[in-house]
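Me: Could you take a close look at one part of this structure for me? Start with the cysteines, then dig into the strand you find most worth a look, and tell me what packs around it.

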Amino acid sequence: MSFSFYGELCTEVYELTKPIGHSIDGDLEFYKQKLAACEGRILEVMVGSGRVMIPLLEAGFAVDGIDYSPEMLAVCRQHCEARGLQANLVQADLLQLSLPNQYEAIIIPTGSFLLIENRQQSIQALQRLYEHLQPGGKLIVDLFLPDTNFKIGTFEGTSTFHFPNGDLITMESKLVEADLFNQCKVSHLKYEKWRDGNLVQTELQRFAIRWYGVEEFKLVLESLGFTDIVVSADYVDGRQPSDAQQCYTFEAIKK
């Protein structure tokens, strides 16, 4: 069995744990506040099933969405159609991104940017996003730091997810790569769907994250031409980062 990237079972779990409009630690309210002055188009990168995008559309923002996962985009389209929303959703590789619009704001919530495993590719992706911003446009990106487990081969736990139709999905995680020097960790996730006590579907996922220090990421953004870089912690405007457990939101302006 080959590894998937946000495949069908992963998408089902994502839908259950991150439903449309669910705010994670106040992130949805934070993004609405930060985008309140936007009159032009907004791009959400790694849009997933639409947890953030759809409430923004319903609030009157003009939002496009891109994602690499066709399974995620299919679910997002279904949610938009069910709500009568017109949404421009594109399956795209960030490294090859070429959209017809330039945007007043580009957002990457929930630390999704860390899923770009290769450092050089992550910088190339930021360059592509810079090119898709209008002059004076704003990039908003959430980042976080990893946990402290770096012991390869460690089983990181098994989670069980109960669905309204009676199905169960279990997810088992095992750490297979950990490189503190290169700031990258890789886990293998195994999803199993159970129905009436029978295993009906299995899915494997290679889950990698690459992290950045606060000052390091500022320097990366500056090297690409971004200015007026501001960092907030835990979705509180003006709160300075002070703890490795916090989420860090970077705001940066294109010259």
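Reply: Cys76 is buried, with a relative accessible area of 0%. Keep in mind that this is a predicted model, and every value here is computed from it. As for cross-links, there are 0 disulfides in the structure. Cys10 isn't in one, and the nearest cysteine sulfur to it, that of Cys76, is 15 Å away. Cys10 is also buried, at 5% relative accessible area. Cys76 is in no disulfide either, even though the sulfur of Cys80 is 4.4 Å away. The cut-off for a disulfide is two cysteine sulfurs within 2.5 Å, so a 4.4 Å gap doesn't count.

Now for the strand, and my pick is β12 (247-254). It's largely enclosed by the rest of the structure, because 8 of its 8 residues are buried. Cys247, Thr249, Glu251 and Ile253 point one way from β12, while Tyr248, Phe250, Ala252 and Lys254 point the other way. Both sets are buried, charged names such as Glu251 and Lys254 included.

What does β12 pair with? Strand β6 (133-144) runs antiparallel to β12, joined by 7 bridges, and Asp142 has Thr249 as its bridge partner. Strand β11 (226-233) also pairs with β12 in the antiparallel sense, over 6 bridges. There, Ser232 stands opposite Thr249. That makes Thr249 a handy landmark, as it's matched with Asp142 and with Ser232.

Let's stay with Ser232 for a moment. It sits in strand β11 and counts as buried, because its relative accessibility is 1%. Its side chain reaches the backbone nitrogen of Gly238 at 3.4 Å. Leaving aside neighbours within four places in sequence, Ser232 touches Asp237, Gly238 and Arg239, plus Cys247, Tyr248, Thr249 and Glu251 from β12. Phe30 is on that contact list too.

Phe30 takes us to helix α2 (residues 27-35), where the buried residues are Asp27, Leu28, Phe30, Tyr31, Lys34 and Leu35. They span an arc of only 160° around the axis, which puts them on the same side of α2. What covers them includes β12 and β11, along with β2, α3 (53-58), β5 and β6.

Helix α5 (residues 119-131) tells a related story. It has 13 residues and reaches 19 Å from its first C-alpha to its last, close to the 18 Å expected at 1.5 Å a residue. Its buried residues are Ser122, Ile123, Ala125, Leu126, Leu129 and Tyr130. Those cover an arc of only 155° around the axis, which puts them on the same side of α5. Their cover includes β12 again, with β2 (41-45), β5 (103-108), β6, α6 (214-223) and β11. At the start of α5, a side-chain oxygen of Asn118 comes to within 3.0 Å of the backbone nitrogen of Gln120.

So how does the picture come together? β12 pairs with β6 and with β11, and helps to cover the buried residues of α2 and of α5.

Technical notes: Residues numbered from 1 in each chain as written. Predicted model: local features only at pLDDT ≥ 70, side-chain atom pairs only at ≥ 80, totals over all residues. Heavy atoms only, no water. Helix = DSSP H or I, 4+ residues; strand = E, 2+ residues; numbered from the N terminus. Expected span 1.5 Å × (residues − 1). Buried < 20%, exposed > 50% of the residue type's maximum accessible area, 1.4 Å probe, protein only. Arc of directions from axis to C-beta. Contact = heavy atoms within 4.5 Å. Polar contact = N/O pair within 3.5 Å; in protein donor to acceptor, adjacent residues only side chain to side chain. Pairing = 2+ DSSP bridges.
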